[in-house]
Amino acid sequence: MATLWRAFVPQALRPHFGGHTRLARRFTDPKVGAAWKAKVEAEIRMLEAGAERESIGIAPAAPELTIEQASSVWLDQLSCRAVTERGYRQWMSQVCRLLGAAPMMSCDASAWAGYLRDRRETGTSDDALARERLVLQMCARWTQAAGYQVNPYLLILPKIRPLPVIVRRFDPGSVEEAIAQLRGLDRIVAELAIGTGMRAAEIRHAQVEWIRLDQGIVGIPHCRDYSPKGARPRVIPLSDDLVALLREWIGDRTTGPLIQPRYHHRGSGLIALRHVVARLKEAGVVRNGLHDLRHHYLSQLAADGAKGREIQEVAGHAQSRTTDLYTHASPGYLESVRAAVNRRRSGSDRGSGPAKWIPRLVALVV
């Protein structure tokens, strides 16, 4: 029966061992296991004493090993499913394209930050960056275990954090002008996003029965077939222009998907989403994707005088601080504030009460 041999690593030395708190291996031969544990503990003692790694017989075989060379050797020794190996090779090829010539010892935090910046400029998603981080970290850990010098930063690469969604400019006129240039399904998707604040997933899964044209609302349910983010059903009012546009798009249909299946690809996505985002990026009204139009919608509600609690309910947010992140100031906010201050100083707002700021939303009973 195999015996588990463990060697505990002090906290200060964990970067040298891939961040592990303890090293463990199973050996059927007790003598081999004891020799392995003694070797590891000897290495830990020498590192604590400040001795060089070469003095204990684990000198790097190639001090100037580059990321491309290390990835080539690492990928060749992989023993996993073919589909997994293809994914690793594909993701590592993206890393090597930008960082392949960099030595493993010189790839530090600034090099990784530059890599993330260059990849994000090309429109790479956070999920793709997370996979590329994973394969680079796995390659670095294998390279260190093989006896090569590796920058400790590569062993503890920070997780990919999504960038905050920043609307480049909250300018309703520019957004409406850009959306007016769209046609067909692209126009429907953009109008739903800017006119209701629906998320991209909600637009993809929207059903005709969600749209209640006679009441001028769209109801996003929480049911067995679909559950919105946070499992929070909500009702959103529709403008008269959007009602007319949806009435023409829906036609005589009373049920089924709002977006016909022929516009889907691979069963889940919408081809129109990519088209809309590309067109609006060219116009300069979105920066990150369709979610920016949700920011525009909620910002417009705030600019029209809607209260924070009302915006939170329409957005479907569980916490008000989340809603605060979605409201942005318009380019002419200084003039708006100056006019509000002047009205207050002149007394023109006296007696009007809070009714002046009640948003122009109909009372909806679901």
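The paragraphs below lead through this structure, from the whole chain to a few of its helices and side chains.

The model is a predicted one, in which local features need pLDDT of at least 70 and side-chain atom pairs count only at pLDDT 80 or more, while totals for chains, interfaces and linings use all residues. Residues are numbered from 1 along each chain as its sequence is written, and side-chain values use heavy atoms, with hydrogens and water left out.

Seen as a whole, the chain contains 15 helices and seven strands, where helices (H or I, at least four residues) and strands (E, at least two) are DSSP runs numbered from the N terminus. Of the 366 residues in the chain, 37% are buried; here buried means under 20% relative accessible area, exposed means over 50%, and partly exposed lies in between, with a 1.4 Å probe and protein chains only. Among the contacts in the chain with a separation of 6 or more, 62% are accounted for by residues 24 or more positions apart, a contact being heavy atoms within 4.5 Å.

A place to begin is helix H2, which covers residues 67–76 and holds Leu75. Leu75 counts as buried because its relative accessibility is 7%. Apart from residues up to four places away in sequence, Leu75 touches Glu85, Tyr88, Arg89 and Met92. Leu75 and Glu85 are ten residues apart along the chain, and their C-alpha atoms are separated by 7.7 Å.

Two of these partners of Leu75, Glu85 and Arg89, lead on to helix H3 (residues 82–99), where both of them lie, four residues apart, about one turn of the helix. Their side chains meet in a salt bridge at 3.1 Å, N to O, a salt bridge being a side-chain nitrogen of Lys or Arg within 4 Å of a carboxyl oxygen of Asp or Glu. Glu85 is partly exposed, because its relative accessibility is 22%, and Arg89 is also partly exposed, with a relative accessible area of 34%.

A search of the whole structure finds eight salt bridges. In helix H8 (residues 184–196), Arg187 and Glu191 lie four residues apart, about one turn of the helix, and their side chains meet in a salt bridge at 2.8 Å, N to O. Arg187 counts as partly exposed because its relative accessibility is 24%, whereas Glu191, at 18%, counts as buried. Another salt bridge joins the side chains of Glu202 and Arg199 at 2.9 Å, N to O. Glu202 is buried, with a relative accessible area of 1%, and Arg199, at 11% relative accessibility, counts as buried too. Elsewhere, salt bridges that share partners join Asp76, Glu85 and Arg89 into one network.

Past helix H3, the loop between H3 and H4 contains Pro103, which is partly exposed, because its relative accessibility is 22%. Although Pro103 and Ile67 are 36 residues apart in sequence, they are 6.0 Å apart in space, C-alpha to C-alpha.

The loop brings the reader to the next pair of helices. Two packed helices are described by the angle between their axes and the distance between the axes. Helix H4 (residues 109–121) and H5 pack at an angle of about 145°, with their axes 11 Å apart; axes are lines fitted to C-alpha atoms, for helices over the stretch in contact, and angles run from 0 to 180 degrees between N-to-C directions. The contact is made by Trp112, Tyr115, Leu116, Arg119 and Arg120 of H4, and by Asp126, Leu129, Glu132, Arg133 and Leu136 of H5.

Arg133 in helix H5 (residues 126–145) deserves a second look. Arg133 is buried yet has no salt bridge, and the nearest side chain of opposite charge, that of Glu132, is 11 Å away; for this purpose Lys and Arg count as positive and Asp and Glu as negative, while His and the chain ends are not counted. The side chain of Arg133 does reach the backbone oxygen of Leu157, at 2.9 Å. Leaving aside neighbours within four places in sequence, Arg133 is in contact with Trp112, Leu157, Pro158, Lys159 and Ile160.

Helix H5 is also the place of Gln144, which is buried, because its relative accessible area is 13%. With neighbours within four places in sequence left aside, Gln144 is in contact with Pro15, His16, Phe17, Gly18, Val150 and Leu155.

Methods: A polar contact is a pair of N or O atoms within 3.5 Å; within protein, one must be able to donate a hydrogen and the other to accept it, and residues adjacent in sequence count only if both atoms are side-chain atoms.
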